[in-house]
Amino acid sequence: MSYGRIEHHPVLGPLPPAATLSFSFDGNNYKAREGESVAAALLANGVRTLRLHEEHGSPRGIYCNIGHCMECRVTISGITGVRSCLTQVKNGMDVRSGTVLPSPFRQTTEAERSPSL
Ligand code: FES
């Protein structure tokens with residue numbers, strides 16, 4: 001039994017056997033099934049917060065789970081902005097929570113809005 005992973009579906013039946021992989025998230029070690037996405041593997045291990053919101057710092061996690069919303073961005077092997085819902089876990093993968101990225105939106109000053117000519 002594991003948190004968040006349906007091991008016996010009432011219609012689809014039991015999960016087929018799969019190799020167990022090891023990976024880390026923010027320095028903690030976890031197990032995944034071969035073929036699982038990083039997001040699914042983390043959810044199965046009870047990890048729901050994948051990054052923090054750029055402006056508010058609120059926890060973010062899986063939202064669409066199909067690669068559209070970008071809410072699940074993490075850093076994998078030093079590459080930032082990787083969508084964890086589209087990335088399969090590899091053995092020994094080093095995953096870090098998404099860093100707080102600069103917002104594309106920022107407050108402009110009055111001088112920027114009305115430059116003197
Ligand atoms: S959860 Fe939406 S892109 Fe990954």
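So, contacts first: if you take the contacts in this chain between residues at least 6 apart in sequence, 43% of them join residues at least 24 apart. Keep in mind that we're looking at a predicted model here.

Here's one pair to look for on the screen. Val-95 and Asp-26 sit 69 residues apart in sequence, yet their C-alpha atoms are 6.4 Å apart in space.

Okay, let's step back to the layout. How many helices and strands does the chain have? There are two helices and nine strands. If you walk along the sequence, the order goes β-β-β-β-α-β-β-β-β-β-α. And of the 117 residues in the chain, buried ones make up 20%.

Now back to Val-95, which I'd like to use as our guide. You'll find Val-95 in strand 9, residues 93–97. Is Val-95 buried or exposed? It's buried, because 27 other C-beta atoms lie within 10 Å, and the cut-off for calling a residue buried is 20 or more.

Who does Val-95 touch? Skip the neighbours within four places in sequence, and its contacts are Phe-23, Ser-24, Phe-25, Val-38, Val-74 and Ile-76.

Some of those names come back when we look at how the strands pair. Which way does strand 9 run relative to strand 3? Those two pair in the parallel sense, over three bridges. One residue to click on there is Ser-24, whose bridge partner in strand 9 is Asp-94. With strand 7, strand 9 pairs in the antiparallel sense, also over three bridges. There, Ile-76 has Val-95 as its bridge partner in strand 9.

Right, on to the core. The largest nonpolar core has 17 residues, and the members that touch the most other members are Phe-23, Val-38, Ala-39, Ala-41, Leu-42, Val-74 and Val-95. So our guide residue, Val-95, is on that list. Which elements give two or more residues to this core? They are strand 3 (20–25), helix 1 (38–44) and strand 7 (73–76). Helix 1 gives the most, with six residues.

Last stop: Ala-39, another name from that core list. Leave out residues up to four places away in sequence, and Ala-39 touches Leu-50, Ile-62, Asn-65, Cys-72, Ser-84 and Cys-85. Try finding those on the structure, then go back to Val-95 and pick out its own contacts, including Phe-23 and Val-74.

Key. Residues are numbered from 1 along each chain as its sequence is written. This is a predicted model: local features need pLDDT of at least 70, side-chain atom pairs count only at pLDDT 80 or more; totals for chains, interfaces and linings use all residues. A nonpolar core is a set of buried Ala, Val, Leu, Ile, Met, Phe, Trp, Tyr and Cys residues joined through C-beta atoms within 7 Å. A residue is buried if 20 or more other C-beta atoms lie within 10 Å of its own, exposed if 12 or fewer, and partly exposed in between; C-beta atoms are placed from the backbone. Helices (H or I, at least four residues) and strands (E, at least two) are DSSP runs, numbered from the N terminus. Two residues are in contact if their C-beta atoms, placed from the backbone, lie within 7 Å. Two strands pair if DSSP finds at least two bridges between them.
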